[in-house]
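Colleague: I would like to learn how to read a few features of a model like this one. Could we go through them one at a time?

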Amino acid sequence: MPPETTADLIVTGGTVVSHDGRRAQDVVVRGGRIVAMGENLNQGGIPTVDASGLLVLPGLVDMHVHLREPGMTEKEDFASGTSAAAAGGVTTVVDMPNTSPPVATAERYQQKLDLVSGKAYVDFGLYGMLDHDNADEIAGMAELGAMGFKLFMGQTTGDNRCPNDAAIFRGLEAAAAVDLVVGVHAENDHLLRMFGDRLRASGRTDPRAHLEGRPAFVEVEAVTRIVTMATEARTKLHIHHLSTSAGLRRVLELRSWGHQVSIEALIAHLFLDEDAYDTYGNLVKLNPPIRPAGDVEALWAAIGRGDVDIIATDHAPHTVAEQAEKDVWKAYGGFIGVETMLPLLLTAAARGVLSVEDIVRLCAYNPARRWSIADKGQLAPGFDADFVLVDPSTEGAVDATALHSKHNVTPYDGWPLRGSVLATYLRGQLVYEKGAVIGAPSGRQVRPAGKKATV
Ligand SMILES: [Zn+2]
């Protein structure tokens, strides 16, 4: 029996974009999975999505979001954050553990899983925390499906304490034993505190003080230390939000010596430079900070060379009042981004800065492979039918009031866009179309498959 006769859905007439090319292909879906792809598969009699003139992309996998549950749901929660993801063409999010309380034990991991299950509009993975004294908890969290473990070498939102090197090494060994990725926020905490104290003592409260208090060598030192330790412990290491030209050079040098490490660049570090402090003030306070234009150019050049593995958002919501804080030391780091990532990248693609294939590779294919999410990141038979319909030709602008987070404060409000997300499907079900999130939350937990990552 040909697959289309028993299919649930067929997407016809579109151009399917993968990490390495594009083809005019129909996509046949059954039971939430792709069962066939090819030309002219539509023989009628089943629900049809007409994608004529549109691009069909695999749903994006955002490896770096903070949905703030538990403990900070005044900022965001799983329902609002995953609504924003669906509207942005992101069908899998991986949530960070620096909540209140932090997700640093198997018990807390289970509690978080229970708390957020049934609330998500897209699929989700949960990171555990690698904290100052929890190496014994790593295996238990892995058992419950932890995507990996986040290590904060430098201070951030939440009541987590940065571990010392011995605690880091024990955590790296424990993560290696369960073959999961450790994702690191690589800044030297002692140096950050010293520079912060110095700037505070001098009376500085302006947004640029945040940049001055986190110089590039603080990142260079931390990446050197963590890559050295992870190699010794044989841990899969991922550098979250690498932000400086010097840090990038160091990681590439370490790679050339045989250290294996994957690199993430953030949308904010690619689309904003230090001028943003003058325009947006503390709204663009971010850890690591928004950098000078030279660093931004270095990140884009690295993307062009294929040296960056992953682009993510670090979607980090705060309330409107928090985002308006004038004193840089009282302001929080981060802002929303999961809904604007794909539109901003499509706009960059329309300008020729990267290709749509690059977007798929950096935001879907590579993250799914690096974290061994077996069914995601590609449109191919056997994979989940997570896909996004994109109209590459629409011209518009970011409209903050139309976004789906709890507090829609974004520096990108009003930015011109070329290309838009028309609809998002999760395992064959429509979850977003033309401004509206559709249906009940059907997102499920994703877990790493028991296979070696290959990125
Ligand atoms: Zn983050």
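Colleague: How are the donor residues of the zinc ion spaced in sequence?

Modeller: Note beforehand that this is a predicted model. The spacing of the zinc donors is H-x1-H-x247-D. The protein donors are His64 (NE2), His66 (NE2) and Asp314 (OD), at 2.1 to 2.2 Å from the zinc ion. Of these, His66 and Asp314 link distant parts of the chain, being 248 residues apart. His66 sits in the loop between strand E8 (60-65) and helix H1 (78-87), and Asp314 in the loop between strand E16 (310-312) and helix H12 (320-323).

Colleague: Is His66 buried or exposed?

Modeller: Buried here means a relative accessible area under 20%. His66 has 6%, so this residue counts as buried. Asp314 is also at 6% and is likewise buried.

Colleague: E8 comes just before that loop. Which sheet contains E8, and in what order do its strands run?

Modeller: E8 belongs to an open sheet of 3 strands with the order E8-E9-E10 and parallel pairing. E8 and strand E10 (123-126) are the edge strands; each has a single partner, so one side of each lacks a neighbour in the sheet. Neighbouring strands are turned by 20° against each other on average, ignoring direction.

Colleague: How many bridges join E8 and E9?

Modeller: E8 pairs with strand E9 (residues 90-95) in the parallel sense over 4 bridges. To follow the register, take the residue pairs: Leu60 has Val90 of E9 as its bridge partner, and Val61 stands opposite Thr92 in E9. As for burial, 6 of the 6 residues of E9 are buried, so this strand is largely enclosed by the rest of the structure.

Colleague: What is the strand order in the open sheet of 4 strands?

Modeller: That sheet has the order E5-E4-E1-E6, and its pairing is mixed. Strand E5 (33-38) and strand E6 (48-50) are at the edges with a single partner strand each, so each has one side without a neighbour in the sheet. The average turn between neighbouring strands of this sheet is 20°, direction ignored. Within the sheet, strand E1 (residues 9-12) pairs with E6 in the parallel sense over 3 bridges. Val11 has Val49 of E6 as its bridge partner.

Colleague: Turning to helix packing, at what angle do the axes of H8 and H11 cross?

Modeller: Read the angle together with the axis separation and the residues in contact. The axes of helix H8 (residues 245-256) and helix H11 (residues 293-305) cross at roughly 35° and come within 8 Å. H8 contributes Ser245, Leu248 and Leu252 to the contact, while H11 contributes Asp295, Ala298, Ala302 and Arg305. By class, the contact has 4 nonpolar, 1 polar and 2 charged residues.

Colleague: Last, a single residue. Where is Thr235 found?

Modeller: Start from the location, then look at burial and contacts. Thr235 is in the loop between helix H7 (216-233) and strand E14 (236-239). With a relative accessible area of 7%, Thr235 is buried. Leaving out residues up to four places away in sequence, Thr235 touches Leu172, Glu173, Ala175, Ala176, Leu180, Val182 and Ala230.

Colleague: Which backbone oxygen lies 2.9 Å from a polar atom of the Thr235 side chain?

Modeller: The backbone oxygen of Leu172. For a C-alpha distance, take Thr235 and Val178: they are 57 residues apart along the chain, and their C-alpha atoms are separated by 9.5 Å.

Conventions:
Residues numbered from 1 in each chain as written. Predicted model: local features only at pLDDT ≥ 70, side-chain atom pairs only at ≥ 80, totals over all residues. Heavy atoms only, no water. Donors = N, O, S within 2.8 Å, 3.2 Å for Na, K, Ca; no water. Helix = DSSP H or I, 4+ residues; strand = E, 2+ residues; numbered from the N terminus. Buried < 20%, exposed > 50% of the residue type's maximum accessible area, 1.4 Å probe, protein only. Pairing = 2+ DSSP bridges. Axes fitted to C-alpha atoms, helices over the stretch in contact; angles between N-to-C directions. Contact = heavy atoms within 4.5 Å. Nonpolar A, V, L, I, M, F, W, Y, C, P; charged D, E, K, R; others polar. Polar contact = N/O pair within 3.5 Å; in protein donor to acceptor, adjacent residues only side chain to side chain.
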